[in-house]
Amino acid sequence: LALAMSQCAAVKKRGSYSVHFDPPAKAVKNPSNVKVKLSTGAQRVYVMEGNEVLLATPCSVGTASTPTPHGTFSIYSKVANRRRVSSPGAGYPMTFWMEFKSAYGMHWGFVKPYPCTHGCIRLPKWSAAKLFALVTTVATRFISSMIADLAASSSLRSATTPRYPAS
C-alpha cells in the first residue's frame, strides 16, 4: 500500500520537476467544505472536500530554524503574481500566493525533497495553479501538522502522492 501511495500519477517530463509536474485535480462541488491539509513531515499537501481528495502534491516546507507554522488557519489572501518584499530574496517571485498567516503562504517555487524554505510552502507550478483555483479566501481552512504521513488517514488512502524524482 505504501509503495502504491508514493507513485506519481502524473508523468514527469524532461526538465525541472517544479515546472513540469502536473497532478490530476478533481472539481470542487461545495467550496465551503474544502480544506487544505499539510504534512510537514512528509512534505505533502492535500486539498480535501469532505473525505475526498481533490489534489495531492509534494511541497517544500520550512527548515528547523525557520519552520512552517503548525495549527489551523484560514487562507485569507490570494495574489496571482506576488513578489517577495523582504530580505533576503527581495523580488523573488511567489506566483499563486495564498496567505494563511502574516508573511506565510503557499506559492509556486522550487520543490526539494527536504525542508528548505523560510517557512512558506513551495509547490510545483501546476500544483500551485490548481490549488489557487480550488481554494477561496472566505471558506478554505488550512491545517498544518507535523504528522509524518497524512496518507495513513483512511480518507487519504486512495490518494496518489508523488515521489520526488532522482536528482
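**Group meeting: a walk from Ala103**

Okay, let's start at Ala103, which is placed in the loop between strand 6 and strand 7 (104-108). For helices and strands I'm using DSSP runs, with H or I of at least four residues for a helix and E of at least two for a strand, numbered from the N terminus. Quick housekeeping: this is a predicted model, so local features need pLDDT of at least 70 and side-chain atom pairs count only at pLDDT 80 or more, while totals for chains, interfaces and linings use all residues. Residues are numbered from 1 along each chain as its sequence is written, and side-chain values use heavy atoms, with hydrogens and water left out.

So, is Ala103 buried or exposed? Ala103 counts as exposed, because its relative accessibility is 54%. The cut-offs there: buried is under 20% relative accessible area, exposed is over 50%, and partly exposed is in between, with a 1.4 Å probe and protein chains only. Ala103 also has a positive phi, near 75 degrees, without being a glycine. Most residues other than glycine have a negative phi. Phe96 is another non-glycine with a positive phi, about 60 degrees, and Phe96 sits within strand 6 (residues 93-101).

Ala103 takes us to the second largest pocket, too. Its lining is Arg82, Arg84, Val85, Ser86, Met94, Trp97, Ala103, Tyr104, His118 and Cys120. By pocket I mean, on a 1 Å grid over the protein atoms alone, an open set of points where a 1.4 Å probe fits, with protein on both sides within 12 Å along at least five of seven lines; lining residues have an atom within 4 Å of a point. The space in there is about 190 Å³, and that volume is what probe spheres set on the points fill, with grid points joined across faces, edges and corners. How does the lining divide into nonpolar, polar and charged? We get 6 nonpolar, 2 polar and 2 charged. The classes: Ala, Val, Leu, Ile, Met, Phe, Trp, Tyr, Cys and Pro are nonpolar, Asp, Glu, Lys and Arg are charged, and the others, Gly among them, are polar.

Two of those lining residues have a contact of their own: Arg82 lies over the face of Trp97, 4.1 Å from the ring centre. The test is NZ of Lys or CZ of Arg within 6 Å of the ring centre and within 35 degrees of the ring normal. Lys78 does likewise, with its charged end over the ring of Phe132 at 4.4 Å from the centre.

Now for the wider view. The chain has 3 helices and 9 strands, and of its 167 residues, 44% are buried. From the N terminus, the order is α-α-β-β-β-β-β-β-β-β-α-β.

Last bit: some pairs separated along the chain. Val19, in helix 2, has its C-alpha 7.1 Å from that of Trp126, 107 residues apart along the chain. Val19 is partly exposed because its relative accessibility is 26%. Val135 is in the loop between helix 3 (125-134) and strand 9 (141-145), and counts as buried because its relative accessibility is 2%. Its C-alpha is 8.5 Å from the one in Val47, 88 residues apart along the chain. And Asn30, in the loop between helix 2 (17-20) and strand 1 (34-39), has its C-alpha 7.5 Å from that of Glu49, 19 residues apart along the chain. At 35% relative accessibility, Asn30 is partly exposed. That's my tour, thanks!
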